[in-house]
Each structure stands twice: as C-alpha cells, then as structure tokens.
Amino acid sequence: MMYRINKRTGEELSILGLGCMRFPKRGNSIIQEEAEQIMKAAVEAGVNYFDTAYIYGGSEICVGEFLSKGYRDKVKIATKLPHYLIKKPEDCDKYFEEQKKRLKTDHVEYYLMHMLSDIATWERLKTLGVDEWIRSKKESGEIENIGFSFHGNSSQFIPLLDSFDWDFCQIQYNYMDEYTQAGKEGLQYAYSKDIPVVIMEPLRGGRLVDGLPQTAKREFENFSVKHSAAEWGLRWIWNQPEPTVVLSGMSSVEQLKENVGIASDADAGKLTEEELGMIDRVKKAVNDSIKIPCTGCGYCMPCPAGVDIPMCFTAYNLKYTDKFGEALRNYVLCTQMKKVPTGATKCIKCGKCEKHCPQTLPIRDNLDKVKRELEGPFIRLGMWFARKFMKF
C-alpha cells in the first residue's frame, strides 16, 4: 500500500480508502460476516481510511461492530452529518451522538458536511450555528478534521472551499469528470491550500467498468499495455499528485485485493503520454455514446412514487453503449418483474429527486425519455400479460 501525507496533520493516509456504502447485502440488510471479511482484509493490506455516512443504510453500525473488535486504532473513520435533516441547532448533537453510538467510538477523525452544493446551503447552516458547533466539537476532540463532500457545479466549489477553515474535502473525480463537478481546477486549488482531497466515484459507480461502450472497451483491449478498465481508471487519478485518498466501494475480498494490488504500484507521474492519449480516446468514445451521465450514486432515492431512477437510466444508457435488447432485458428484469414495479412510468413529476442529484440532471425529462423508449405500447402490453399470468 502506498500513502500520501495530510499536509495539515502530517499523518499518512492510504491512497486507497474503503467506501462502506456497497457492502454485500441480503435484501436491504448488510451481511455482517462478509462485510467484516472485506474490512479485515483492507486493514491487513494497509488501508487506514474507512468512509461511511449517516444515510448509508446499516453501514455505520456495521463498521462500528467491526472496529470494536480491536481494529479501532488502525483506522481513520470518515462519516457525514446529514445537514439536509438539520432543522434546529440541537439537531447537530442529536445526529452526531447517534453516529458515535453506531460507530462505537467517542471521536471521529474525518467528519464531513454531507452533500454541500453551494454557498447558500452553507450559509443556511451557519444561521443554525453549525460553524460554532463544529468549533466546539473540534475543541473537545470529538471531531479531529472537518470537511465537506461536494455535489454541485464547478463555479461553486472554490467559493465554498474559501468560506470556512476546512481541514479537507471530498469531490467526485474521474477521467470523465475532469472538467465537471469540482473538476481539475477545484482539485488543484485545494491542493494549493494544502487541503487534502478525498476522491469519490473514481469509476462513476462502476459505469467506467461495466457500462463502457464497445468502442471504449476496444481502446483498452487494443492498447499495448494490458490493464482492466478499473485499473486504468484508478491509475489515471493516482497519476496526479493532488488526490490524497481515492475511495472505492469494494463489495468483495477479490475486488479489494485487486485494488490493493494497483494501489501498491500506482504513483504520480507514472503514466506515459501514450497511455494518457489512449485514455483520452476512451473519454471521446464514452462521450459519443452516453446519453444520460448518471453515476448511480443513489442520492435521488428513495423516489416518493417508487421509481428506481438509477436503474432506469442504466438501462437507457445500455441502449446506446451496447444494444437495445440488452437495455430492454435489464429494464424489464430490474424494474418490471417485481411485486411492485419501479419503472419510469410511475414518475409523478414531483421534482424531489432533482434537488438531491449531484449531477444536476433533469431527471424528470430523462425519465420521460426512458418511458418513451423502453416502455412502448407493445412492451407494456407484454408486461400486462406477464403480470397477469405470472407471480413476482
């Protein structure tokens, strides 16, 4: 495992961090034993940064249970305050105390304001005294480093970074988001201020692996140096000196071992001009095919009407990155063949999802496209017959 220095504290952080949102599940419940196998393998491999959040169902409890078994001093916990649930000043303590209880700890090394998107959101929190609350928790030692995860337009990132004495930040960054979200400009600005940057969505929720169009896959396959799409994506980020930690939501020990192997060899400046040129060709191939740039992060969920928004968009994009049959198969299997369907036709246009989308996507308009192209009259008729004579 390789490490990079938090220049504000001098501590070493593993360049690979464990994202704890995608642990194996049975139904809606995390499979504790399997999650602990992943976490144990991570610690043994030298991963010392675990990222979770209040709203990651069962994640904080799962992590806390594992760390209480003698691993607490080996890991820096990063978790997040759900500021969008804060209605009054005392709510900060309410959620923070619950998080400490879940995590079985008396302090959190890296604490984030979850999903800050602009200055206006931060100013609202300041009117509730959140800035003073942060200072008090840092003075007491209950919070060691305070930061925020950013989900907004690039024009908002630098002003937000300058609006408070942040100890670190977390941004979405990958070769497809080099100039969106905080982007390279924001990344380099934070680095210039010695503010550690944690990277989320390095593979866009797996879309830069499983969701690549055939033209992009061929660029990787035909290149003289052989790496998986995932490895190229991670190496592209680690080739830059500015990122401190790159989070990966690994859902198996095998995935962990693969990423640890990459993290043991990746470093800034290692990619050649030819390799960077190949990745540029991959980017062009992806941009030429993807219609809805959804990362599958799930922040738009749950939908009040029951629409599985990320799955709808995944299936829709498959029509353009793969073929219509594959798109339709995924759409029918994953949204229709259920006791309660979750397809785009259920959208009631409330707009709640768009308020939480990190990509600021026009979700309602895009769901209309899904409905038109994947729920045509013949498809709906077929599903009506299927539901009439089959049990889900």
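The following exchange walks through a predicted model, with a colleague asking and a modeller answering.

Colleague: In which loop does A305 lie, and is A305 buried or exposed?

Modeller: The model is predicted, and in it A305 sits in the loop between α11, which covers residues 273-287, and α12, which covers residues 309-321. Buried means under 20% relative accessible area. Because the relative accessibility of A305 is 17%, this residue counts as buried.

Colleague: Leaving aside its neighbours within four places in sequence, which residues is A305 in contact with?

Modeller: One might look towards A327, which is 22 residues apart from A305 along the chain, but the C-alpha atoms of A305 and A327 are separated by 23 Å. Once the neighbours within four places in sequence are left aside, the residues in contact with A305 are K346 and I348.

Colleague: Which peptide bond is cis, with omega near 0°?

Modeller: The loop between α11 and α12 also holds P302. The bond with omega near 0°, and thus in the cis form, is the peptide bond from M301 to P302.

Colleague: What is the volume of the largest cavity, and which residues are closest to its centre?

Modeller: The structure holds four cavities of 30 Å³ or more, and the largest of them contains about 90 Å³ of space. Its lining has 15 residues, and they divide into 11 nonpolar, four polar and no charged. Helix α12 gives the largest share of that lining, with three residues. The residues closest to the centre of the largest cavity are C294, C297, C300, C357 and L361.

Colleague: How many charged residues are in the lining of the second largest cavity?

Modeller: The second largest cavity has a volume of about 60 Å³. Its lining includes C303, I348, K349 and R364, and I348 is also one of the residues in contact with A305. By class, this lining has eight nonpolar residues and one polar residue, while the number of charged residues is two.

Colleague: Which residues lie nearest the centre of the second largest pocket?

Modeller: The second largest pocket has a volume of about 270 Å³. Its lining residues divide into four nonpolar, nine polar and two charged. Of the 15 residues in that lining, those nearest the centre are M115, S117, T121, H151 and K355.

Colleague: Which helix gives the most to the largest nonpolar core?

Modeller: In soluble globular proteins, nonpolar side chains tend to be buried together. Here the largest nonpolar core has 85 residues, and those that touch the most other members are L18, F23, F50, M113, W122 and F148. The helix that gives the most to this core, with seven residues, spans residues 229-238 and is α9.

Colleague: How many residues are in the second, separate core?

Modeller: The second core is separate from the largest one, and its members include C303, F313, C347 and V370. Among these, C303 and C347 also belong to the lining of the second largest cavity. The number of residues in this second core is 24.

Colleague: Where is N174, and what is the length of the polar contact that joins its side chain to that of D177?

Modeller: N174 is found in the loop between β10, residues 168-172, and α7, residues 183-192. Because its relative accessible area is 0%, N174 is buried. Beyond its neighbours within four places in sequence, the residues in contact with N174 are E201, P202, R204, L208, W236 and I237. The polar contact between the side chains of N174 and D177 has a length of 2.9 Å.

Colleague: What is the phi of R204, and why does R204 count as buried?

Modeller: R204 lies in the loop between β11 and α8, which covers residues 214-222. R204 counts as buried because its relative accessibility is 8%. Although R204 is not a glycine, its phi is positive, at about 50°.

Colleague: Where is D194, and what is its phi near?

Modeller: D194 is placed in the loop between α7 and β11, the latter covering residues 197-200. With a relative accessible area of 36%, D194 is partly exposed. D194 is a residue other than glycine, yet its phi has a positive value, near 60°.

Colleague: How far apart in space are K74 and G46, C-alpha to C-alpha?

Modeller: K74 belongs to the loop between α2 and β7 and is partly exposed, with a relative accessible area of 46%. Not counting residues up to four places away in sequence, K74 touches V43 and N48. Although K74 and G46 are 28 residues apart in sequence, their C-alpha to C-alpha distance is 8.9 Å.

Methods:
Residues are numbered from 1 along each chain as its sequence is written. This is a predicted model: local features need pLDDT of at least 70, side-chain atom pairs count only at pLDDT 80 or more; totals for chains, interfaces and linings use all residues. Side-chain values use heavy atoms; hydrogens and water are left out. Helices (H or I, at least four residues) and strands (E, at least two) are DSSP runs, numbered from the N terminus. Buried means under 20% relative accessible area, exposed over 50%, partly exposed in between (1.4 Å probe, protein chains only). Contact means heavy atoms within 4.5 Å. On a 1 Å grid over the protein atoms alone, a cavity is a set of points where a 1.4 Å probe fits but cannot get out, and a pocket is an open set with protein on both sides within 12 Å along at least five of seven lines; lining residues have an atom within 4 Å of a point. Grid points are joined across faces, edges and corners, and a volume is the space filled by probe spheres set on the points. Ala, Val, Leu, Ile, Met, Phe, Trp, Tyr, Cys and Pro count as nonpolar, Asp, Glu, Lys and Arg as charged, and the others, Gly among them, as polar. A nonpolar core is a set of buried Ala, Val, Leu, Ile, Met, Phe, Trp, Tyr and Cys residues joined through side-chain atoms within 4.5 Å. A polar contact is a pair of N or O atoms within 3.5 Å; within protein, one must be able to donate a hydrogen and the other to accept it, and residues adjacent in sequence count only if both atoms are side-chain atoms.
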